[in-house]
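Student: Got a minute to go through this one with me? I'd like to start with the contacts.
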Amino acid sequence: MDKQIYITRKIPETGLKLLREKGIKFDMGTSKVPPTKKEIIKALKKKKYDGVISFLTDPLDKEVFDACPTAKVFANFSVGYNNVDLDEVKKRNICISNTPGTSATAVAEHTVALMLALTTRLVEGDEFMRKGKYKGWDPELFIGTDMKGKVIGLIGAGQIGTEVAKILHYGFGSQILYSDISQNVELDNIEGTIRKTTEEILREADIVSLHIPLLPTTHHLINKESLSTMKKTAFLINTSRGSIVNEKALVEALKNDIIRGAALDVFEFEPKLTKGLSKLSNIVLTPHIASARQSARDMMAEIAVKNIVSALESGKAINNCY
Ligand code: DGY
């Protein structure tokens with residue numbers, strides 16, 4: 001295939017090998033931090049690229065598309081594609097694709113790890129030890145919360161939510177409540193699982209975990225009002241997209257014991273932290289690493305390249321988002 005693409009940052013060798021096998025030439029950005037829009041535009045203007053492999057940190061909008069009018073496909077190396085201006089895409093003859101199904105296991109395991117970090121107070125204990133504060137066994141030290149018997153509320157029950165439900169139900173005997181735009185037959189077959197409204201989940205769950213995409217309708221779904229409807233003893237977990245949570249409201253809720261704790265892997269102003277978040281002891285923070293497994297990254301690279309190949313061959317990506 002006599003084509004050339006631009007890859008905004010390094011992707012695993014599995015994807016590059018596939019490109020070479022297909023005879024697709026590529027240039028690849030070398031920055032370790034997300035390139036700015038200006039840098040992406042500068043790189044795209046250098047050649048008449050036929051396609052682009054982009055990252056969730058790359059804004060794909062009018063200016064970027066205009067910088068490379070020859071590109072017929074932008075294949076996102078991620079499941080989420082909230083970095084893409086879909087209204088702009090609709091006006092153009094281009095494909096946008098993502099990598100669904102590549103990280104469900106990894107993200108689900110990370111989600112459960114965050115829940116356990118909160119209920120066992122693992123991070124607080126680790127910090128206490130490192131600071132040399134441990135003076136001997138104390139029956140009142142860092143009293144945690146049992147996971148067993150807790151009601152888990154999943155807001156969004158796609159592949160990731162389903163994996164989380166299975167780990168918690170079969171591993172901890174949790175009752176699962178879920179809200180989703182569709183009925184989830186696999187979850188419905190798990191004993192005790194009930195589909196509820198998002199409002200009911202917020203009111204009834206001991207641990208609320210977010211597994212929905214960022215859309216205009218989900219932006220700040222978790223805000224001052226919704227937090228105030230949660231149990232005072234509840235935990236909130238976000239491994240989806242930062243802006244689903246109004247973090248200023250979350251800081252206030254955590255400070256004022258409106259809920260007991262939270263864990264975030266994604267941030268409203270990523271990579272910046274909302275003021276006050278890092279000062280709280282009842283929150284666990286990880287740097288958007290829920291899907292960071294080599295197996296997931298390899299699969300993401302392979303699928304992104306397959307989407308490029310399919311779009312260049314047939315005008316349609318395998319995982320077309322639009
Ligand atoms: C995704 O794929 O959308 C994750 O957020 C990053 O792996």
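Tutor: A term to fix beforehand: a salt bridge is a side-chain nitrogen of Lys or Arg within 4 Å of a carboxyl oxygen of Asp or Glu. Also, this is a predicted model.

Student: OK. How is the protein chain divided?
Tutor: Into domain 1, covering 3-102 + 294-314, and domain 2, covering 104-285. Their C-alpha centres lie 32 Å apart.

Student: And how many salt bridges between domain 1 and domain 2?
Tutor: Zero. Polar contact across the interface comes to one residue pair, with both residues at pLDDT 80 or more. On the side of domain 1 that touches domain 2, the residues are one nonpolar, four polar and no charged.

Student: How much area do domain 1 and domain 2 bury between them?
Tutor: About 420 Å², with 48% of it on carbon and sulfur atoms. For domain 1, 72% of the area buried against domain 2 is supplied by Leu-56, Asn-82 and Gly-101, more than any other three residues.

Student: Switching to the ligand. Which residues surround it?
Tutor: Leu-56, Ser-78, Val-79, Gly-80, Arg-241, His-288, Ser-291, Arg-297 and Met-300. By class, that shell has three nonpolar, four polar and two charged residues.

Student: Which polar side-chain atoms lie by an oxygen atom of the ligand?
Tutor: Among them are one of Arg-241, at 2.7 Å, and one of Ser-291, at 2.6 Å. In addition, an N or O atom in the side chain of His-288 is 2.8 Å from a ligand oxygen.

Student: How much of the ligand's accessible area does the protein cover?
Tutor: The protein covers 89% of the 230 Å² that the ligand has on its own.

Methods:
Residues numbered from 1 in each chain as written. Predicted model: local features only at pLDDT ≥ 70, side-chain atom pairs only at ≥ 80, totals over all residues. Heavy atoms only, no water. Domains from an automatic or database assignment. Buried area = accessible area lost by both parts, 1.4 Å probe. Polar contact = N/O pair within 3.5 Å; in protein donor to acceptor, adjacent residues only side chain to side chain. Nonpolar A, V, L, I, M, F, W, Y, C, P; charged D, E, K, R; others polar. Near = heavy atom within 4 Å. Areas by Shrake-Rupley, 256 points an atom, 1.4 Å probe, with all protein chains shown as cover.
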